[in-house]
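Biologist: Can you put the model up? I'd like to go through the ligand site and then the chain contact.

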Amino acid sequence: MIAAITAEVRKLSTTRLWWVLGASLAVAVAFMVAVIVFSFTFADELGMSGSSDVEASGFDPRTLATMVYSLPVSFGYVFPAILGAIAITGEYRHRTIDTTLLMEPRRSRLIAAKLIAIVPFGLAYGLVAMVTGVLVGAGGLALAGEETFLDDPSMWGSIAMGVVALTVWAVVGVGLGAALPNQVIVIVILVGWTQLVEPILRLAFGFIEPLQGASAYLPGAAGDAMVGASFYSAMDSGDLLAPWAGFAVLLTYGLIASAVGWVRMTRRDVS
Amino acid sequence: MDAPAIEIRSLTKTFGSVHAVNDLSFTAGPGRVTGFLGPNGAGKSTTLRALVGLVTATSGEALIGGRPYGALEHPAQVVGAHFEGAFHPGRSARDHLRVYASQAKVDTGRCDEVLAMVGLTEAAGRRVRGFSMGMRQRLGLATALLGDPQVLVLDESANGLDPAGVQWLRSFLKAFAARGGTVLLSSHLLSEVELTVDDVVIVAGGRLRRACAITDLREEASAQVRIASPDGDKLTAFLRDRFPAAQALSATAATVPGVTAAQVGAAAFADGLELHELAESADSLETVFLRLTSQEAAA
Ligand SMILES: Nc1ncnc2c1ncn2[C@@H]1O[C@H](COP(=O)(O)OP(=O)(O)O)[C@@H](O)[C@H]1O
Ligand SMILES: [Mg+2]
């Protein structure tokens with residue numbers, strides 16, 4: 001099993017993908033955090049909200065800071081998910097799956113090795129995203145004269161949960177890749193879901209009385225919940241789960257996808 | 001010590017309504033290079049994939065040393081296999097091998113060793129994206145050799161090699177078999193592997209057409225000998241007396257069907273005919289191959 005995990009780690013580390021995606025993640029997070037912190041804290045100067053300051057938009061300073069530190073998860077989770085998915089779909093795309101299965105004919109082991117090997121990469125992505133997000137976010141808050149709460153250990157707990165959330169997203173990506181081993185389709189679904197479908201659903205559910213509680217169980221919302229606040233829930237689209245419940249829900253998505261992938265991959269002919 | 005043999009027993013594989021392999025049986029023994037031949041779509045790749053567990057047989061078995069691939073303890077140390085195009089273009093040749101080194105139970109030094117064996121030392125650090133077809137085939141062979149296996153299963157490994165490459169592969173595989181190894185090499189071109197293989201297994205339409213030694217196939221080829229002599233009149237008389245079935249190509253050259261070069265040469269010597277050319281025609285084996293794999297043969 002160690003040998004299979006070593007092979008999977010080397011597969012990820014020997015192409016450019018991991019750092020291209022990782023660098024994109026840092027840029028995307030820095031940009032989104034800067035834009036959102038700026039628009040929330042300087043809303044009055046921009047004339048976007050009628051009254052004077054942040055409190056008037058319904059936030060207490062602590063919620064605002066937590067929301068800012070959750071942005072790397074809300075806007076960055078597609079990157080570890082894509083890395084995880086490509087860890088499987090890339091093998092089919094480039095036909096390396098042949099040699100991979102020759103070296104490890106037990107397909108369940110192969111999937112398990114990929115689920116484990118993605119974890120250090122997910123952690124690295126989580127660290128990159130959260131460090132970038134906290135630097136830019138805290139900088140923005142401080143500039144606007146808001147409190148950063150970085151002297152509060154429980155805030156660091158939330159930030160650490162953001163790292164965990166992005167790691168779980170990488171695992172979910174592997175599950176998705178196994179369930180849908182077509183690279184183009186899986187990327188289109190991931191980008192479409194995370195950037196379009198889920199944000200719309202979360203807003204829409206907020207307006208539909210019987211579905212209001214359901215939006216918290218959507219995968220993106222579950223990931224956001226791990227940090228304890230969300231840009232989307234801040235925009236009045238329902239409450240979030242408790243951090244550990246969010247972790248459990250997101251991991252369940254990963255396990256369901258992996259189980260579907262396991263059924264598919266163990267039966268599928270490679271020809 | 002002899003390597004395990006490959007046994008295909010009544011193997012059948014259908015993809016929906018396509019009968020890719022149909023009740024196919026043959027063996028490839030140790031110490032020999034077995035050519036697995038047939039036109040495109042004959043079911044060669046499917047058979048080899050079933051042999052190494054990439055494809056699940058509909059019925060029948062494909063065994064290595066009496067066991068299915070998946071039941072081998074350390075498969076990469078017993079069987080080295082390669083199928084076409086299994087590389088990530090962005091990975092270097094050395095990294096491609098290093099990825100699999102842990103599973104083949106070898107250290108990274110072995111990666112450089114197999115690269116040297118296939119003549120890719122210079123290109124070791126280059127990305128596969130820039131590799132020619134011949135270089136890819138060499139890297140594929142290096143991948144198969146990683147675990148120092150006793151059995152090689154190679155799908156179309158001579159495809160795309162230049163003549164020097166084909167010659168290199170030939171001597172490599174012959175030496176591997178001479179050390180007791182088992183080699184099963186598929187090809188859609190008999191001419192590509194004709195001088196490499198000891199045995200042939202010919203398939204078409206998923207069915208076995210012939211399994212025999214290449215020497216048997218040569219004998220079966222309707223031998224045709226081309227001769228030329230500077231003395232046209234004497235040649236004509238010689239052919240009329242000795243080989244009436246001969247066909248004249250020109251005043252001084254002719255082809256003689258159904259004989260060997262030795263027979264014609266001996267007769268010419270006995271008759272005192274000066275020969276400037278005496279050759280068994282090279283396309284006769286190809287003709288047998290075409291006849292065996294043609295549609296009519298299926299009926
Ligand atoms: N995954 C698949 N799905 C459907 N048909 C397939 C599949 N793989 C191979 N075939 C068909 O099976 C037949 C044999 O293919 P193959 O084994 O690749 O032949 P060869 O390697 O001798 O050229 C062909 O008709 C091919 O189209
Ligand atoms: Mg083929």
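Modeller: One term up front: a polar contact is a pair of N or O atoms within 3.5 Å; within protein, one must be able to donate a hydrogen and the other to accept it, and residues adjacent in sequence count only if both atoms are side-chain atoms. This is a predicted model, where local features need pLDDT of at least 70, side-chain atom pairs count only at pLDDT 80 or more, and totals for chains, interfaces and linings use all residues. Residues are numbered from 1 along each chain as its sequence is written, chains are lettered from A and ligands numbered from 1 in the order in which they are written, and side-chain values use heavy atoms, with hydrogens and water left out.

Biologist: Fine. How far is an oxygen atom of ligand 1 from the side chain of B:Thr46?

Modeller: An N or O atom in the B:Thr46 side chain is 2.5 Å from a ligand 1 oxygen. For B:Ser45, the corresponding distance to an oxygen of the ligand is 2.7 Å.

Biologist: And which atom of ligand 1 pairs with A:Ser271?

Modeller: A nitrogen, 2.6 Å from an N or O atom of the A:Ser271 side chain. The protein covers 63% of the 560 Å² of accessible area that ligand 1 has on its own (Shrake-Rupley method, 1.4 Å probe).

Biologist: Why is the site called shared?

Modeller: Because residues from chains A and B surround ligand 1. The shell includes A:Ser271, B:Phe15, B:Pro39 and B:Lys44.

Biologist: Which element gives the largest share of that shell?

Modeller: α1(B), with three residues. Helices here are DSSP runs (H or I, at least four residues), as are strands (E, at least two), numbered from the N terminus.

Biologist: How do the shell residues divide by type?

Modeller: Five nonpolar, six polar and one charged. Ala, Val, Leu, Ile, Met, Phe, Trp, Tyr, Cys and Pro count as nonpolar, Asp, Glu, Lys and Arg as charged, and the others, Gly among them, as polar.

Biologist: On to the interface. How many residues does each chain put in?

Modeller: Chain A gives 26 and chain B gives 34 (contact means heavy atoms within 4.5 Å). About 2600 Å² is buried between them, 56% of it from carbon and sulfur atoms; buried area is the accessible area (1.4 Å probe) that two parts lose on being put together, summed over both. A:Arg10, A:Leu102 and A:Met103 supply 26% of what chain A buries against chain B, more than any other three residues.

Biologist: How many salt bridges between chain A and chain B?

Modeller: Two (a side-chain nitrogen of Lys or Arg within 4 Å of a carboxyl oxygen of Asp or Glu). B:Arg49 pairs with A:Asp98 in a salt bridge, closest N and O atoms 3.0 Å apart. There are also 13 residue pairs in polar contact across this interface, both residues at pLDDT 80 or more.

Biologist: And over all chains, how many salt bridges?

Modeller: 21 in the whole structure. A:Glu8 and A:Lys11 form a salt bridge at 2.8 Å, N to O; both lie in helix α1 of chain A, three residues apart, about one turn of the helix.

Key
A residue is near a molecule or strand if one of its heavy atoms lies within 4 Å of it.
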